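Here are a few notes to go with your first look at this one. They take the open and closed spaces in turn, with the ligand in between.

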Amino acid sequence: MVVIILLKLYDMKKMIFLIFVAMNGFCLNAQDPSGTPPQTPGARPQQAKDLLIPLRTNNISLVYRVNGRDGRLYQAYLGAALDNTDILAQTRDAGHPAYATFGTDNLFEPAVRATHNDGNPSLELNYVSHEIENIRPDVNLTRIYLKDPAYPFIVTLFTKTYATEDVIEQWTEIKHDEKKPVTIFNYASSMLHFDAEKYWLTQFHGDWAEEMKMTESELTAGIKILDTKLGTRAHMYQTPVFMLSLDEKADEENGKVLAGTLGWSGNFRFLFEVDEKGSLRIISGINPFASEYSLDPGKVFRTPSMIFTYSDKGMGQTSRNLHHWAMKYGILDGTGTRYTLLNNWEATGFNFDEKKLTSILDDTKKMRLDVFLLDDGWFANKYPRNNDRAGLGDWQENRAKLPDGLGYLVKEADARGVKFGIWIEPEMVNPKSELYETHPDWILKLPNRPEHYFRNQLVLDLTNPKVQDFVYNVVDGMLTVNPGIAFIKWDCNRMMTNAYSPFLKDKQSHLYIDYVNSLYGILGKLRQKYPHLPVMLCSGGGGRVDYGALKYFTEFWASDNTDGLERIYIQWGYSYFFPAIAVCNHVTSWGKQSLKFRTDVAMMGKMGYDIEVDKMTDNELKFSQDAVRNYNRIKDIIYTGDLYRLVSPYKENRAVLMYVNRDKTRAVLFGYTLNSRYGETMNKVRLRGLDPLKTYKIQEINVSNEGRRGPGMGFGMTENGRTYTGNYLMNVGLNVGTGSPLSSTVYEITE
Ligand code: GLA
């Protein structure tokens, strides 16, 4: 047994601390027995040494253990930070497998499964070594190397700990040096275990226009899977996120909670298995369904990041942890600012011309918004894009609608002091298009089967490098000709059906995975050339929302449903995992609520408009202009502040939440009465996150000038103008909400 500890200094700024524990018989460059059966079938590995690998953030400990008796890696602990992890060495119970394999003695769902060159369908993974790299003052990257003692098959477990944010990111790399390709059938990003009394899982599911519905259920013995098999628009029915409460149901302020999300824009799977002893294993990663992967020798298969946080102080804290992490590490320019938009989709649909668009540019200026975003319908000539049945794929300006091209609109926007943005859907094609006619082999569709359409369109075969170039050039070409384009909305309006790639030939089971990696390749290349251009991620509403994509996007379109009441629930759901700066909310004509109500709802995130400004009354226009001014004053609190969900619309006839800036000097509170029953009392709402010693002034904003009584108006018992201490606000609270259904209040709270 050799134990070497190396301390290396790479440069003055970056210190890398490498712990390398090499164990006889387990080293990475062991003799290659590829293609030959194990020398001594069934032999136990040589004696390894017990070893604890404690990983930490400020408030979470994750401890791995190498068990000397079998040389394998176990999860010894995951939960609230332990002061002293050495204590774990006393217990003889090794823990749970850190990355369970299949084929030998594992009786439950594996994290990884492979068949070797010689047909041996089993995998064993023993600990080889590990190293911890300090990549920022508060971020460590731990690599734990595991190897099959009988085959040159290596798995590296990566764990990145973000101390300040209390977030952990995990992924794996799978690699082998066998003579021929090895088929891998399971390839989890992360495997976690808990031993709790009970487990309460909250999932976030839905459909077009009803994204992120929350359902909580108790996990019982056996397996519960949250997954998707849609390929593209993959999150249409199920977003890759979950909350898990341990022992008892948690709420915002209390309870032990794990919040997890997979950064993968394709098929994902979270598998929760409760075993006969009541232990829970959570296996997260790409959905292995119909996706066995043939891995060439020497090639690395990297799994996407599983991002999670844990808190024993309830769901609110886990959300804030994820928000803090996302702003710094998860979303492109997550700590920057954002443009307010005027979009034309709800207002015009496909029906517009240059004159109409120029008048919308005037409206953008009149509303004091930053960008006019031109939506679908501006392109294609042989098969003009006048409805959703034609033109997708032909990304040239439609000459009838835009005789002077996009350049003219960019120029006109500039003349008005606003910016110009544009919608594209470059991964798709209509059968009625020139692209379809010229490149039928660029399209995903089954041979010997009729084409199957969704929104009259098909998916391009992004696994084909020629198609990747095409998609890149659609975007790059447009930005090269029109460098003034300041914003892009990137849409993806269908899932895969009849999925078959002409390019992948006999490797069809690679399609779901290669598609997503190809998409990331294109986005990565675009980001090299356009590192900061704001781009909105959209997929027929919220059909693609995850941190794998959001590295390349500044924001996402949460849902096509912009009805103010519906949005409260949809945005509530997203708020568990995604910070407000990334959630695009537009004021539109959906919903029967007042303009004030819809405006207040949109303000809870990245506000924009998609409404016929020229049809607004003078009062509505004035109200909206004031609202935009208010928004510009408070948006930094919403973008970067801490979110506190105070009253859940799932529990009461109200929804109340607030954002507090980091130094607790400014806050914004949004309150909604959704419905009200005769005689119902609305209790005061205790605020959170303020400084008890500070004194705060309460100012009601977005007050509707149409009166202060009745549905949709500012509410009667206003706290406007009052002054309270933080202590009072957090212990006694504020009046929020009226007896009027669909009314709302926004309070700006300032020290
Ligand atoms: C999708 C988007 C909408 C709009 C249309 C255009 O449905 O979610 O916002 O852009 O496409 O066709």
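A quick definition before the points: a cavity here is a set of grid points where a 1.4 Å probe fits but cannot get out, and its lining residues have an atom within 4 Å of a point. Keep in mind, too, that this is a predicted model.

1. Start with the largest cavity, which holds about 200 Å³ of space. Its lining is made of 24 residues, with Gln571, Ser575, Ala580, Met604 and Tyr659 nearest the centre. By class, that lining splits into 18 nonpolar, 6 polar and no charged residues.

2. Where does the lining of the largest cavity come from? Domain 2 (341-641) and domain 3 (643-750) each put in at least three residues. Among the elements that supply at least two residues each are helix 1 (315-330), helix 9 (564-574), helix 11 (618-640) and strand 35 (654-660).

3. The second largest cavity has about 100 Å³ of space. Val475, Leu479, Ile488, Trp490 and Arg527 are among the residues that line it. Two or more residues apiece come from helix 6 (465-481), strand 29 (485-490) and helix 7 (511-529), and helix 7 has the largest share, with 3. The class split for this lining is 11 nonpolar, no polar and 1 charged. If you'd like to go hunting for others, the count comes to 8 cavities of 30 Å³ or more.

4. Next, the ligand. Which residues are closest to the ligand? Asp375, Asp376, Arg455, Lys489 and Asp560 are, out of 13 that surround it. Sorted by class, this shell has 4 nonpolar, 3 polar and 6 charged residues.

5. Three side chains are worth clicking on here. Polar side-chain atoms of aspartate 375 and lysine 489 each sit by an oxygen atom of the ligand, at 2.7 Å for the aspartate and 2.8 Å for the lysine. Tryptophan 423 also has a polar side-chain atom 3.1 Å from a ligand oxygen. On its own the ligand would expose 310 Å², and the protein buries 96% of that.

6. Last, the largest pocket, with a volume of about 880 Å³. It is lined by 44 residues, and Tyr74, Gly95, His96, Pro97 and His193 lie nearest its centre. Strand 5 (73-80), strand 6 (96-97), strand 13 (190-195) and strand 20 (279-286) each give two or more residues; strand 5 provides the largest share, 8 residues. The lining counts 20 nonpolar, 11 polar and 13 charged residues.

Key: Residues are numbered from 1 along each chain as its sequence is written. This is a predicted model: local features need pLDDT of at least 70, side-chain atom pairs count only at pLDDT 80 or more; totals for chains, interfaces and linings use all residues. Side-chain values use heavy atoms; hydrogens and water are left out. On a 1 Å grid over the protein atoms alone, a cavity is a set of points where a 1.4 Å probe fits but cannot get out, and a pocket is an open set with protein on both sides within 12 Å along at least five of seven lines; lining residues have an atom within 4 Å of a point. Grid points are joined across faces, edges and corners, and a volume is the space filled by probe spheres set on the points. Helices (H or I, at least four residues) and strands (E, at least two) are DSSP runs, numbered from the N terminus. Ala, Val, Leu, Ile, Met, Phe, Trp, Tyr, Cys and Pro count as nonpolar, Asp, Glu, Lys and Arg as charged, and the others, Gly among them, as polar. A residue is near a molecule or strand if one of its heavy atoms lies within 4 Å of it. A polar contact is a pair of N or O atoms within 3.5 Å; within protein, one must be able to donate a hydrogen and the other to accept it, and residues adjacent in sequence count only if both atoms are side-chain atoms. Accessible areas come from the Shrake-Rupley method with a 1.4 Å probe; for residues, only the protein chains shown count as cover. Domain bounds come from an automatic or database domain assignment.
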